[in-house]
Amino acid sequence: MSLDLLQAERPLFSYPSFKGRNEKPAPFLPMSRKEMKKLGWDSCDIIIVVGDAYVDHPSFGMAVIGRTLEAQGYRVGIISQPDWHSKDAFMKLGKPNLFFGVSAGNMDSMINRYTAERRMRHDDAYTPNNEGGKRPDRAVLSYTQRCKEAYNDVPVVIGGIEASLRRIAHYDYWSDKVRHSVLLDSKADILLYGNAERPLLEVAHRISLGEPVKEMTDIRGTAILTKQALPGWDGIDSQQVDQLGKIDPIISPYADINVQCATQQIADQSSASQEDATQPITVLPPLAKSYKKKPWEKTYIQLPSFEKVKTDKVLYAHTSRVLHQETNPGCARALAQFHGQRLLWVNPPAYPLTTEEIDTVFGFEYQRVPHPSYGDATIPAYDMIRFSINIMRGCFGGCTFCSITEHEGRVIQSRSEDSIIKEIETIRDKVPGFTGVISDLGGPTANMYRLKCKSPKAEQTCRRLSCVYPDICHHMNTDHEHTINLYRRARKLKGVKKILIASGVRYDIAVEDPRYVKELVEHHVGGYLKIAPEHTEKGPLDKMMKPTMTSYEAFKQMFEKYSKATNKKQYLIPYFISAHPGTTDEDMINLAIWLKSNNFKLDQVQNFYPSPMANATTMYHTEKNPLHKVNKDSEDVLITKGARQRRLHKAILRYHVPENWPQIREVLKKLGLARQLIGRSAHCLVPPESRDELKTATKKSTNNQGKPALSRHTGLGQFKQANGKGRAKSTIKKHLTNKKKVGSTRKIKLGN
């Protein structure tokens, strides 16, 4: 991260402490009046309402936000997983002096409650004892409405990933329609998006000074509602900005030097006039450079209105494309979108935290355990991360199905090595049950720690959606030396037996530095390593913005080479997505063939899940490709929709499960591949029907009288009109013959 071009004007913790307080941190942020009384509080300044159980750990958003506010002198209470059916639970801590902060939790509440097939989950990893149903659908809406009912004069600030990913008009997979910005539907006062420590402290400080929230229109990383564009801003139509722009080459460090002394000026003038007369020399100050306004400063983009994107899918795709181009805090412009008569105003993203700032945030006195009120109840999400450490934020991969980039940004925000080592020592010394194994040193990815753009100017002005697709940008530094040094230092700590890497490794970057792969394989793989090629075929991979299998094969060779050198039996566990936009039946068959030829039998397969604001979700909804300029004639994207087709793609990936064989045989016959891929040979994907299957199929296809069970699809209407069996049989035969003519001319790779 370049400190000169991507640094906020004001340091994160430069605000004066609220009321001059310098209180000791609370053991836990209070969740009851009794706890408040023990702390000597008669009221809370800020109350955080959250959909997760309260775990005082830096991997849980409510703990990070609460401790950050506490460090500034605010008294912060937490209402965790309240009963949303009435306002009573929202009044348990009394009226906050400043505002309510509302978050659905670490996950979008709809993704938390429903599967990719829209079936309700019966568990919740962020709830004690994994109990489901402890948070409402669209939790931000419900919680905000109840806060307003409880105390209608108290401002409500919404944030977290659910608010962040729904900050503009967005397609909602569960209702299958375009919904308003969550700010409009919730009736909150202001929305904070991204990792919001910076805008949150500014909002808290200005509220504490008595400034109305409605007047806070200029805070980066926030969205507000207004009636018209803010004064002093220049607007441009979104149709004029639908291009990524040119990335300048790395600038010479001397390119901006434009200081001339008077001697040189006089010499130039003398040369121009051909005068040889001696003149006195006067020392002048350096010539001042005139300030030139940057094209993104005080400029907003007028997006198509909610009413337009709701009904016009091309405009929706275009709007999504423009939004994703305006995510670099160095050059992003504000966005404006009318919802009826009200204008949604989205300020540019907040500047990323410096290393010193993020070290401070992770260095607060977290208890690193769940709140005592949960007793002996287990919280699965906590059990998963209690011995893990987050070493960085952000991701510059830009995978279209993932929302990390849209929430955390593309600029990597890394902690210092000392901060990470100190946290390992804290876990070793204080966390119950520690056995000497750190389960993960990672984050959104395992190996983007301290990787950044080589050029400060390019980093500030770049609008690319990914730094590594279609190829790794020549500005991107792929030297993993900092990560290697961190691993080596962590391994030397007394009391630490093993450091594992559980976060997914971005293998296309890793192969650029074989030293990292060697270090990883020799010391940090616990038998299995997760990586995510996601698919094998170019069609879906291009829509995912993922590298080809060439990078995977290169990483696999390195992995096996270094594993063999250390006499370790270690295995790669690849992850794949089924039913992703741009995926055909043939693509899924080819992937299944690759899996079988490589002896992979997947137990768990993730069907594509259209999360709010992701580029792939835009493809799913609009059948257009927002990775390129969008209009009515632009590229159409094949979408796998409907429960039957989505189940089929998932079944193909699990080709080894007998229950899936009938579906796979059906699609192979449809594609004209039955002879090649149905059989008992090694190259076949599924075996032929067994006697038992044939008997079962025969029983299902006959009625109680042993005659074919006809329907309107198999000629039942014509059968009723027939005078005899002969005509009925010929009609059925003709229909079946026509059905068999369906096939495909696309080439299928049949393996080796």
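The paragraphs below lead through this structure, from the whole chain to a few chosen places. The model is a predicted one, and in it the protein has 28 helices and 21 strands. Of its 752 residues, 53% are buried, while the accessible surface comes to about 35900 Å², with 51% of that surface belonging to carbon and sulfur atoms. If one looks at contacts between residues at least 6 apart in sequence, 75% of them join residues that are at least 24 apart.

A helix is a good place to begin. Helix 2, which covers residues 61–71, is mostly covered, since 8 of its 11 residues are buried. The buried residues of this helix are Met62, Ala63, Val64, Gly66, Arg67, Thr68, Leu69 and Glu70, a list that includes the charged residues Arg67 and Glu70. These buried residues pack against strand 1 (46–50), strand 2 (76–80), helix 7 (197–208), helix 11 (355–362) and strand 14 (392–393). Just after helix 2 comes glycine 73, which takes a positive phi of about 95 degrees.

Helix 11, one of the partners of helix 2, can be read in the same manner. Its buried residues are Glu357, Ile358, Asp359, Val361 and Phe362. They pack against helix 2, helix 7, strand 13 (388–390), strand 14, strand 15 and helix 14 (417–430). Helix 7 and strand 14 therefore appear among the packing partners of both helix 2 and helix 11.

From here we can turn to a single charged residue, arginine 410, which is found in the loop between helix 13 (404–408) and strand 15 (413–414). What surrounds the side chain of arginine 410, which is buried yet has no salt bridge? The nearest side chain of opposite charge is that of glutamate 406, at 4.8 Å, whereas a salt bridge would need the charged atoms to be within 4 Å. The side chain of arginine 410 does, however, make a polar contact of 2.5 Å with the side chain of threonine 327, and a polar atom of the arginine side chain lies 2.8 Å from the backbone oxygen of leucine 465. Leaving aside neighbours within four places in sequence, arginine 410 is in contact with several other residues, among them His324, Cys395, Phe396 and Ser466.

Leucine 465 is also touched by another residue, leucine 627, which is found in the loop between helix 22 (615–622) and helix 23 (643–653). Leucine 627 counts as buried because its relative accessible area is 12%, and buried means under 20%. Not counting residues up to four places away in sequence, the residues that leucine 627 touches include Arg321, Thr400, Asp542 and Met545. Which distances separate leucine 627 from arginine 321, in sequence and in space? The two are 306 residues apart in sequence, yet 6.8 Å apart in space from C-alpha to C-alpha.

Arginine 321 itself has its place in helix 10, residues 313–325, and counts as buried at 6% relative accessibility. The side chain of arginine 321 reaches the backbone oxygen of histidine 628 at 3.5 Å.

The loop that holds leucine 627 also holds glutamate 623, where the backbone has a phi near 60 degrees, a positive value in a residue other than glycine. Glutamate 623 is partly exposed, with a relative accessible area of 36%. Methionine 545, which leucine 627 touches, likewise has a positive phi, of about 60 degrees, although it is not a glycine. Methionine 545 is found in the loop between helix 19 (538–544) and helix 20 (549–565), and counts as buried at 4% relative accessibility. A further backbone feature belongs to the peptide bond from tyrosine 469 to proline 470, which is cis, with omega near 5 degrees; proline 470 lies in the loop between helix 15 (456–461) and helix 16 (481–491).

The last stop is on the surface. Here Tyr528, Tyr571, Ile573 and Tyr575 form a nonpolar patch, and together they have about 430 Å² of accessible area. Which strand gives the largest share of this nonpolar patch? It is strand 20 (residues 571–578), which contributes 3 residues. Tyrosine 528, by contrast, has its place in strand 19, residues 528–534, and is exposed, with a relative accessible area of 55%.

Methods:
Residues numbered from 1 in each chain as written. Predicted model: local features only at pLDDT ≥ 70, side-chain atom pairs only at ≥ 80, totals over all residues. Heavy atoms only, no water. Patch = residues over 30% accessible without salt bridge, like charges linked within 9 Å, V, L, I, M, F, W, Y side chains within 5 Å. Areas by Shrake-Rupley, 256 points an atom, 1.4 Å probe, with all protein chains shown as cover. Helix = DSSP H or I, 4+ residues; strand = E, 2+ residues; numbered from the N terminus. Buried < 20%, exposed > 50% of the residue type's maximum accessible area, 1.4 Å probe, protein only. Polar contact = N/O pair within 3.5 Å; in protein donor to acceptor, adjacent residues only side chain to side chain. Contact = heavy atoms within 4.5 Å.
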